[in-house]
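User: Please take a close look at the internal voids of this model. I would like the linings, and then the charged pairs around them.

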Amino acid sequence: MVIFWRLVLAHFIADFTLQTNRIANWKRSSRWGMAVHIMTHPIVSVILTWPYLSWPWVQTRLFHLNGWVCIAFITFFHWLEDEWRVWSIQETGSPDSTGFFLWDQVVHITMILAFSPTIPAAHTEIWVVPALCAVLLANFVSVLIFFLENDLWGKSEVLNDGKYRYIGERFLGAALFLLPGAWFLLALAWIGWIVFLHYRKAQDRTWVHLVVGNAAVVLLGLITRGLLS
């Protein structure tokens with residue numbers, strides 16, 4: 001599953017870290033915007049899977065597909081899914097909801113799985129999943145909170161000016177879980193401080209943001225600690 005996890009990491013980097021608010025809005029209103037967004041995926045995927053691109057990833061009796069061809073197929077199906085999602089929202093009135101957002105990600109990951117090879121003797125790459133946890137903790141969690149808040153209240157401020165401050169707070173909380181011994185308990189103190197600020201109204205944060213953000217810090221922080229310890 002070495003190539004699969006590298007492709008998943010590439011997907012979340014391209015779909016979240018490199019997809020700014022401007023690009024996300026641009027792709028919904030312009031073919032050029034969609035093209036710019038879609039082309040980031042094969043670029044990042046090629047960079048992360050470079051040593052394996054000449055290998056046969058999909059093998060049948062009739063044909064073998066190497067990494068270059070599989071990445072091209074993944075990119076094509078990603079484009080189809082994104083075009084369908086934009087069309088559904090703009091032309092049929094489908095709600096741009098949390099459920100639609102998560103379904104979109106399930107489709108993308110399924111396509112990656114379909115074109116990823118299984119390498120029986122491959123070693124486990126410790127760095128990939130912690131890197132994925134970092135990407136998820138940053139922009140993916142922010143976007144998830146955005147959709148949840150939009151579903152509940154019709155608006156969300158999480159992707160506005162305070163976005164990077166909130167990302168920094170989550171990174172700090174997760175990093176504290178990596179401290180040796182019992183020092184990782186400082187992460188719980190940090191979460192307690194965030195909760196305190198919320199109830200003192202010192203920061204403009206909804207209860208959805210509070211729960212989802214802190215749950216992500218605990219879950220992804222502990223996963224990373226377990227992988228690196």
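Analyst: The cavities come first, then the pocket, then the salt bridges.

This is a predicted model, so local features need pLDDT of at least 70, side-chain atom pairs count only at pLDDT 80 or more, and totals for chains, interfaces and linings use all residues. Residues are numbered from 1 along each chain as its sequence is written, and side-chain values use heavy atoms, with hydrogens and water left out.

A cavity here is a set of points, on a 1 Å grid over the protein atoms alone, where a 1.4 Å probe fits but cannot get out. Lining residues have an atom within 4 Å of a point. Grid points are joined across faces, edges and corners, and a volume is the space filled by probe spheres set on the points. The count is 2 cavities of 30 Å³ or more.

The largest cavity has a volume of about 110 Å³. Its lining holds 13 residues, and H41, S45, I74, H78 and I112 lie nearest the centre. Helices α1 (2-17), α3, α4 (67-91) and α5 (98-114) each supply at least two lining residues. Helices are DSSP runs (H or I, at least four residues), numbered from the N terminus. The most comes from α4, with 4 residues. By class, the lining has 7 nonpolar, 6 polar and no charged residues. Nonpolar covers Ala, Val, Leu, Ile, Met, Phe, Trp, Tyr, Cys and Pro; charged covers Asp, Glu, Lys and Arg; the others, Gly among them, are polar.

H41 sits in helix α3 (residues 31-49). H41 is buried (under 20% relative accessible area, 1.4 Å probe, protein chains only; exposed is over 50%, partly exposed in between), because its relative accessibility is 6%. Setting aside neighbours within four places in sequence, H41 is in contact with H11, A14, D15 and H78, where contact means heavy atoms within 4.5 Å.

The second largest cavity has a volume of about 90 Å³. Its lining includes Y166, E169, W190 and H209. At least two lining residues come from each of α7 (163-176), α8 (186-199) and α9 (207-228). Here α9 gives the most, with 5 residues. The classes are 5 nonpolar, 3 polar and 3 charged.

E169 also takes part in a salt bridge with R165, the closest N and O atoms being 3.7 Å apart. A salt bridge is a side-chain nitrogen of Lys or Arg within 4 Å of a carboxyl oxygen of Asp or Glu. R165 and E169 are 4 residues apart in helix α7, so about one helical turn separates them. E169 is buried at 12% relative accessibility, whereas R165 is partly exposed at 40%.

Now the pocket. A pocket is an open set with protein on both sides within 12 Å along at least five of seven lines. The largest pocket has a volume of about 520 Å³. It is lined by 25 residues, with Q19, A24, V143, F147 and L159 nearest its centre. Two or more of them come from each of α1, α2 (21-29), α4, α5 and α6 (128-153). The lining divides into 8 nonpolar, 9 polar and 8 charged.

The whole structure has 8 salt bridges. One joins R6 and E125, with N and O 2.4 Å apart at the closest. R6 lies in helix α1 and E125 in the loop between α5 and α6, so the pair ties together parts 119 residues apart in sequence. R6 is buried at 11%, and E125 is buried at 12%.
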